[in-house]
Amino acid sequence: MTTSPQLQLRQRLESLRAAGVEFLPRTLPLPTPVAIAAPRSLPTKAVEPVAAPIDTRRVALDLLAKEIASCNLCPELFATRTQTVFGTGPLDADICFIGEAPAADEDRHGTPFAGVVGQLLDKILAKCGLRREDVYLLNILKCRPPGNRLPEPIECMNCEPFLLRQLDLIRPKVICCLGAVAARYLLKASVNETPLRGASYMAYGVPVVCTYHPLYLLELTGEAEARAKWECWDDMKMVLRKARRPVPGE
Ligand code: SF4
């Protein structure tokens, strides 16, 4: 014969009283919450679906920016930079744009994608129905290579842990690489590989779309410029779809 839960509870209480227990706490004590530290790097497979609270991540991002501001791992860049260029944008941005390294304007202003390059990026974002304030902008390198030379592999390696920690705190739904250097570096693709734009990839568990750097688009003219801008728009539509955002005109 089965007993009801109420009868089981009454029997349990009576046996406790018989044992001398007169009072029971209204609630059971909860275990002490355990602070969850942000992981130092993105996992190589899927990003964990649960992120730390946004305030915790904001504090961690501020601390990371301070750590980077005093970094001297690349002696030449440390000696010649005006300042480090950490990145800008909302912490809950679902789209992250990554360039290769700060240029002169960015080194001067301390923000990525400044000057005429930034103005063209703003136009591209506007065509997507986005503002600069809606997305997160950063570079692979946080310091300007002197004379705008290409980043050295060792410099990218030195800066990679910072990039991974930054991405892990922002946790975008999609990353858009601007330019071949950022794309090859993020995807660990060889220099001889065919152009990476026009398809999507995965890096650190996040979808990645590659497109032209605005500086490259600014250098083109005529038919080449028109074709590259159409291709860039195709890439941006892919970015919007990956971010589950509406595509203007569709
Ligand atoms: S590029 Fe990165 S690793 Fe190199 S000095 Fe600047 S912050 Fe440090």
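These legends accompany close-up views of a predicted model.

**View 1. The whole chain, by helices and strands.**
The protein chain contains nine helices and five strands. Read from the N terminus, the order of elements is α-α-α-β-α-α-β-α-β-α-β-β-α-α. The chain has 250 residues, and 33% of them count as buried. Many contacts bridge long stretches of sequence: among contacts between residues at least 6 apart, 74% join residues at least 24 apart.

**View 2. The shell around the ligand.**
The ligand has 15 residues around it, and C71, C74, C143, N158 and C159 come nearest. Two elements give two or more residues to this shell: α3 (75-80) and α6 (153-170). Helix α6 gives the most, with four residues. By residue class, the shell holds 10 nonpolar, three polar and two charged residues.

**View 3. The open sheet.**
Five strands form an open sheet in the order β2-β1-β3-β5-β4, with mixed pairing. The edges belong to β2 and β4 (200-203); each has a single partner strand, so one side of each lacks a neighbour in the sheet. From one strand to the next, the twist averages 30°. Helix α7 packs on the sheet and touches β1, β3, β4 and β5. The direction of α7 makes about 130° with that of β3.

**View 4. Strand β1 and its two partners.**
β1 runs parallel to β2, joined by four bridges. I98 has L138 as its bridge partner in β2. β1 also runs parallel to β3, again through four bridges. Here C96 has I175 as its bridge partner in β3.

What does I98 touch, beyond residues up to four places away in sequence? The list is L138, N139, I140, I175, C177, L178, A182 and L186.

**View 5. The edge strand β2.**
Both faces of β2 are covered. Y136 and L138 lie on one side, L137 and N139 on the other, and all four are buried. In the plane of the sheet, β2 stands at an edge with a single partner strand, so one side has no neighbour there.

**View 6. Strand β5 between β3 and β4.**
β5 is largely enclosed by the rest of the structure, because five of its six residues are buried. β3 and β5 pair in the parallel sense over four bridges. The bridge partner of C177 in β5 is C210. β4 and β5 also pair over four bridges, but in the antiparallel sense. A203 stands opposite V206 in β5.

**View 7. The hairpin of β4 and β5.**
Two residues lie between the strands of this hairpin. Y204 takes a positive phi near 55°. The strands that the hairpin links are antiparallel. Of the two, β4 is an edge strand with a single partner, so one of its sides is left without a neighbour in the sheet.

**View 8. The largest nonpolar core.**
This core has 54 residues. C96, I98 and C177 make the most contacts inside it. At least two core residues come from each of β1 (95-99), α5 (115-127), β2 (136-139), α6, β3 (174-178), α7 (180-187), β5 (206-211) and α9 (222-242). The largest share comes from α6, with seven residues. Helix α6 thus appears in two views: α6 also gives the most to the shell around the ligand.

**View 9. K229 in helix α9.**
K229 sits in helix α9. Is this residue buried, exposed or partly exposed? K229 has 16 C-beta neighbours inside 10 Å, so it counts as partly exposed; a buried residue would need 20 or more. K229 and L217 are 12 residues apart in sequence, with 7.2 Å between their C-alpha atoms.

**View 10. R245 after helix α9.**
R245 lies in the segment after α9. There are 17 other C-beta atoms within 10 Å, so R245 is partly exposed. How far apart are R245 and I95 in sequence and in space? They are 150 residues apart in sequence and 10.0 Å apart in space, C-alpha to C-alpha. I95 falls within β1 (95-99).

Conventions:
Residues numbered from 1 in each chain as written. Predicted model: local features only at pLDDT ≥ 70, side-chain atom pairs only at ≥ 80, totals over all residues. Near = placed C-beta within 6 Å. Nonpolar A, V, L, I, M, F, W, Y, C, P; charged D, E, K, R; others polar. Core = buried A, V, L, I, M, F, W, Y, C linked by C-beta atoms within 7 Å. Buried ≥ 20, exposed ≤ 12 C-beta atoms within 10 Å, placed from the backbone. Contact = placed C-beta atoms within 7 Å. Pairing = 2+ DSSP bridges. Axes fitted to C-alpha atoms, helices over the stretch in contact; angles between N-to-C directions.
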